[in-house]
Amino acid sequence: MPEIALEVRNIIAGYVPDLPILRGVSIKVKSGSLNVVIGPNGAGKSTLIKAIVGLVSISEGHVLLRGKEMYGIKPHLIASYGISYVPQIDNIFRTLTVRQNLELALRSSGKNANKRLTELLEKFPILSGKLKEKAGALSGGQRQFLAVAMALSTYPDIILMDEPSAGLAPKAAQEILEMLRDLTNSGVSILLIEQNVNQALRLADYCYILAEGRNQVDGKASELLNNSIVGEIYLGGKRLRAGA
Amino acid sequence: MIQHLLDGILVGSILSLGAIGLTMVMHILRFANFSHAELLSIGAYVALVFDKMFKVTMPLMANEIGPLSMTWALILSIIVSMVFTAASAVLFDRLVFRRVREKGEELSMVFASFGLSLIVRNLIGLIFGLSTKLYSKDIVFATVLSRDPLLVVKLDQLATFTITLVLMLVIHIVLSRTTFGYSLRAVGENPELAQVNGINLQRTLIVVWIIGGGLAAVAGVFYGLNNQINPMIGRDLVLPVFAATIVGGIGSVYGALLGGIIVGLASNLALSILPSGYSPSVPFIIILAVLLIRPNGLFGEARA
Amino acid sequence: MIGILSYIVFFTTVASILAIAVLGLNLQWGNTGLFNGGVVAFFGAGAYGTLLLGGTPQPDHIAGFELFYPIALIGGMAVAGILAWLVGILTLKMRHDYLAISTFGVAVAFENLMRNAEWLGGGAKGLRGFERPFRESLGDGFLYNLIFLIVVLLCLLGTYRFLETLVSSPFGRQLRAIREDEKAARSLGKSPARIRLTAFVTGSVIMGLAGGLYGTFYAFVSPQDVLPTLTFQIWAMLIVGGAGNNKGAVLGAFLIWAAWTFSGWALSRFAPVEAQLYTGSIQYVLIGLVIVTMLLWRPQGLLPERLVVSQSGLS
């Protein structure tokens, strides 16, 4: 596994060609590290992740997966290269049952599908009792666990998550973040968007701060946690002035 | 009254087959495909051509199956027609709809479908002539199910209904028990999430067109078998098939199944109240009723 | 000579009437992004409405109020407007393909109703008993047709002017905003549904005007005049001319009408006798090809929409 699992170089991207949301963002994700992206609303954090997985078009710049250029590759193929993505909302299929959701995610696992399903259910015991229920009938927290389970089902090297702890009780949020921390110990690289900044920074290795579609500050998570200015601005909830 | 119910279910099952492909396309591509009904017409005519061909080249196949007027040749022709019609559906998408989408004009797909339906319908008329045709010139006698109340049914109708039920069962099994079926439903519910989970959107779309086209072919042949074959099949079935998708809820295959039966029943029951000249308006009234009472249909959901 | 002149007057009259309908459609589709799949229903409502209100009483159907002509015409437009309002209330808040299907259904039902309800519109025989206004004083000849053409052209000009003013007004901006992005439009504080309804009804009233003039011109209307064909023709006119551009709408009307009448004439003149039955089919294939090829080759039409520069500061 190369040192830099995922790199984003100066990308300009948006939903509509003339209206870029990202105006030159760069990110480096080291193998086996837990990285967090934080910033005010509208900073482009979700757009960044969507651009990486091919759901938003990039007009300039590069996305490199293990050094390989990802430009022009369709989302479903990018998914097959070992990247998993968990959106913030609508991250499970409500009309399918829990089991069907998992089986769908395990489609590409072939013969290993059954084994992996058992392993997933061991990791997420809360789901084993609910296999026959429609995913839409689960509680918010249970849905989130299902979404994470689906992402993990393909044993990805790189996981991108948009606010995985959103809407979760603090204990459940901690559980998920710790699960992700554990994964990095086995070499998985993780990039998270989080509003739950305190919790995330305590467990993360590195942190990027985005605003107005651009990089603002980045550094080791522990340093940013102790940096009083950053603390005032983001951890206290104050907003950064426009322009940078 | 019960006779109307019987006829209604029969007609309805044909509409159901036609509606399944339409509801999937409408849900995934978000456009009302006015040319879908022409696939039924294509299906009917292609089967006619091959039926005649098989009867001539393989006289044994011209034997009727039991008491039905259907021949083995026709069964084979239906299969050929399914392939041909499915291919046509994919071709239409490749030639017209995809190009319109790529130009960024999603909304224009509806016009394109209007234009396409005009072309297909009238080309069929030009090629095959405007007169009505039949698969078999034999007169089919109706079987009397009961004398009082008088209930008659043609065995052909029973056969078509049975085949339709079998097809519906197959579809149900695929959708509820195979990962392929899950992937179809997933794409319908959330195309982005589906792609992120490794589902090839383009390929799924082609499969949807193939299934829709194949089922439309069967529906077209059955319609031709139970009524007659003429170039206006598409024009006559556009509104009823749309009504079936709206009643059932756009995007729901089960909704399309049920919706077709409901539209068929309602249309036939209406015939006992209204003068027959008004029957083309009944699907429209049904659509209005659905919009007033339950706009998303039976099983439809407002799409994210 | 008079013959050719006469024909030109005739052609221009019909093309101008259709152009008015295309302008109405442009307001709905070009400016607001609303898909009206049943243009002919509103056109027909105007025609039947005008003739019923302005015609003499007939034994087999209702109305025949012999109203003063301009009132009858406005009445016809009102009928179209009411029909549009009813359809719009039900369908405009749904996804756009529901509107397409519903309006298409309205047109099917309208033709079906007019064909069967003899008490309403004379049934398949059509509506008689309407006298072209001022016929007694002006006679039935070339002079009348010329004056009628001038009246139609004035209506066309008036409609064009009205729509151009509308497009550059704040209301026009709202329409464009809704067409592009509904969420942004909602943030402007206006109710998109209400604005859409207004645009839809206004466009349909304009179609009703066209229908009323059409019925007046022939002093007769029948279910044959309200077939889906007319919807396709008017759509083709807008697509060819340029959706979103009023000049384009008028241009498209004249071009397509010329192509239609020319192809009709050429087919009946040069096609062999056995093929005469199929001239209609050939024309339909041609119009279908026109629609599809325009959408693939130049979807914005011959005269694309001019971008109206907004002064409101919204970028």
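**Entry 1: E1 and its partners in chain A**

I began with strand E1 (residues 4–14) of chain A, which pairs with strand E2 (residues 22–30) of chain A in the antiparallel sense over seven bridges. By strand I mean a DSSP run of E of at least two residues, by helix a run of H or I of at least four, each numbered from the N terminus; two strands pair if DSSP finds at least two bridges between them. I looked up one position and found A:Ile4 opposite A:Lys30 in E2(A).

This is a predicted model, in which local features need pLDDT of at least 70 and side-chain atom pairs count only at pLDDT 80 or more, while totals for chains, interfaces and linings use all residues. Residues are numbered from 1 along each chain as its sequence is written, and chains are lettered from A and ligands numbered from 1 in the order in which they are written.

Which strand does E1(A) meet over another seven bridges? I found strand E4 (residues 57–65) of chain A, running antiparallel to E1(A). There, A:Glu7 has A:Leu64 in E4(A) as its bridge partner.

**Entry 2: the six-stranded sheet of chain A**

Next I traced an open sheet of six strands in chain A, ordered E6-E7-E8-E3-E9-E10, with mixed pairing. Strand E6 (83–86) and strand E10 (214–220) of chain A each have a single partner strand, so they stand at the edges with one side lacking a neighbour in the sheet. I noted an average twist of 15° from one strand to the next.

At one edge, E6(A) pairs in the parallel sense with strand E7 (residues 158–162) of chain A over four bridges. In this pairing I found A:Ile83 opposite A:Ile158 in E7(A).

What lies across these strands? Helix H1 (residues 45–52) of chain A does, crossing strand E3 (34–38), E6, E7, strand E8 (189–193) and strand E9 (206–211) of chain A, and it runs at about 145° to E7(A). For such angles, axes are lines fitted to C-alpha atoms, for helices over the stretch in contact, and the range is 0 to 180 degrees between N-to-C directions.

**Entry 3: chain B**

I then turned to chain B, which has eleven helices and two strands. From the N terminus on, I read the elements as α-α-α-α-β-β-α-α-α-α-α-α-α. Its C-alpha atoms fill a box of roughly 55 × 45 × 40 Å along the principal axes.

I also picked out one helix pair: helix H5 (residues 155–177) and helix H8 (residues 201–226) of chain B pack at about 170°, their axes 10 Å apart. That angle makes H5(B) roughly antiparallel to H8(B), a term for angles over 145 degrees. Where do they meet? In H5(B) I listed B:Asp156, B:Gln157, B:Thr160 and B:Leu167, and in H8(B) B:Leu215, B:Val218, B:Phe222, B:Leu225 and B:Asn226; contact means C-beta atoms, placed from the backbone, within 7 Å.

**Entry 4: between the chains**

Last, I checked the interfaces: of the two pairs of chains in contact, chains B and C share the most contacts. Here 39 residues of chain B are in contact with 34 residues of chain C. On the chain B side, helix H3 (72–102), helix H4 (108–128), helix H9 (233–248) and helix H11 (282–293) each supply at least two residues. H4(B) gives the largest share of that side, 13 residues. Chain A and chain C do not touch, and I noted 10 Å between their nearest C-alpha atoms.

Notes:
Angles under 35 degrees count as roughly parallel, over 145 as roughly antiparallel, 65 to 115 as roughly perpendicular and the rest as oblique.
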